[in-house]
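Reader: I'd like a close look at one part of this protein rather than a tour of everything. Could you walk me through it in plain words?

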Amino acid sequence: MRRFKLNLPFFRGLMLFLAAFFCVLALQVNAVNSQTVHSEIASYRPIEVWRAAHPTNFGKRFSKDIYGKPTNNALVAVIHETVISATDTIRVFQTRHDNEADQASYHALITRNGTIVHLVSERNRAFGAGNSVFRGPNGIETVRTHRIYPSSVNNFAYHISLETPADGNDNGNFHSGYTKFQYQSLAWLIADKQIPASRVTTHKGVDRSGTRKDPRSFNDRHFSSLLQRYSQLNQAKTASQPPINLRKLGQPQ
Ligand SMILES: [Zn+2]
């Protein structure tokens, strides 16, 4: 009987060929995936709606602190979570609160499906983080605008809150996290406001009371990479547009 004899050179060649083939295939799949992600990011445009907060729940941004010192801080994005549902949160902010201790608001809220709900104009001061300080590239930033309450970041903050999942409607330390659409809308909104990554923080990050831990279960790495991509896209979009005065001098609007 003729014994099967392994042809070693042929076998090695076949293995090399298969290894190379799968490498090329993996690279191809990766390229297609990253192209899909890129075009998804480039074409992403969240739904935006307005649900104005009651005027008792926000104020004007002050040009001077209570000591008369001019305030010229650039915007800082402060990320929160609602803990309760988006509907209940909006209801609280649309309710008149004459008692200062009950007055609260964010500038915007992002629902589970990624809808951006605007509550307070960027021009105004939302009451999102009392007794707080921002430690950034320019050092310590906090502004006192009230003779009773401690200084806070509210005068230069842009407060954005993520709707908490149902399993986080308690005081626990974790929950199942935020949706893909919430991360995309959050990054899109911060890029749209042209707030640099170095001026993005969380309520927990600025809180001095030691009581705030939001946003819980937040994927910082995923968000940072999305913000970088949306900011680059936003810069490219801005750079490709002619300056406003040139546009006015050109074709009639
Ligand atoms: Zn908060």
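Which way do strands E3 and E10 run relative to each other, parallel or antiparallel, and how many bridges join them? Please take a close look at E3 and what surrounds it.

Author: Sure. Keep in mind that this is a predicted model. The protein averages a pLDDT of 88, and 83% of the residues score at least 70.

To your question: E3 and E10 (residues 200–202) run parallel, and three bridges join them. One pair to look up is valine 78 with its bridge partner in E10, threonine 201. E3 also has a partner in strand E9 (residues 157–162): those two run parallel as well, joined by six bridges. There, isoleucine 79 has isoleucine 160 as its bridge partner.

Isoleucine 160 is worth a second click, since in E9 it is also the bridge partner of alanine 108. That takes you on to E4, which pairs with E9 in the parallel sense over three bridges. Zooming out, six strands form an open sheet in the order E1-E5-E4-E9-E3-E10, and the pairing is mixed. The edge strands are E1 (48–50) and E10, each of which pairs on one side only. From one strand to the next, the twist averages 25°.

Now for the side chains of E3. In a regular strand they alternate between the two faces of the sheet. Here Val76, Val78 and His80 point one way, Ala77, Ile79 and Glu81 point the other way, and all are buried. That makes six of the six residues in E3 (residues 76–81), so the strand is largely enclosed by the rest of the structure. Note that His80 and Glu81 are on that buried list too.

Follow the chain out of E3 and you get to the loop between E3 and H2, where valine 83 is found. Its backbone deserves a look: valine 83 has a positive phi of about 65° although it is not a glycine. Most residues other than glycine have a negative phi. Valine 83 counts as partly exposed because it has 18 C-beta neighbours inside 10 Å, while the cut-off for buried is 20 or more.

Then comes helix H2 (residues 86–93), in which Ala86, Thr89 and Phe93 are buried. These three cover an arc of only 60° around the axis, which puts them on the same side of H2. The spacing fits the helix geometry: an α-helix has 3.6 residues a turn, so residues three or four places apart point the same way. On the other side of H2 you'll find Thr87, Asp88 and Arg91, which are exposed. What covers the buried residues of H2 includes strands E4 (108–110) and E5 (116–118). Both of those are in the sheet that holds E3.

On the E10 side, one more stretch is worth a look. The loop between helix H4 (203–206) and H5 holds proline 215, and the peptide bond from aspartate 214 to proline 215 is cis, with omega near 0°. Serine 217 lies in the loop between H4 and H5 too, and its phi is near 50°, a positive value in a residue other than glycine. Serine 217 is partly exposed, with 17 other C-beta atoms within 10 Å.

One caution if you plan to use the whole chain: pLDDT stays under 50 over residues 246–253, for which the model has one contact beyond four places in sequence.

Notes. Residues numbered from 1 in each chain as written. Predicted model: local features only at pLDDT ≥ 70, side-chain atom pairs only at ≥ 80, totals over all residues. Buried ≥ 20, exposed ≤ 12 C-beta atoms within 10 Å, placed from the backbone. Helix = DSSP H or I, 4+ residues; strand = E, 2+ residues; numbered from the N terminus. Pairing = 2+ DSSP bridges. Arc of directions from axis to C-beta. Contact = placed C-beta atoms within 7 Å. pLDDT = per-residue confidence, 0-100. Axes fitted to C-alpha atoms, helices over the stretch in contact; angles between N-to-C directions.
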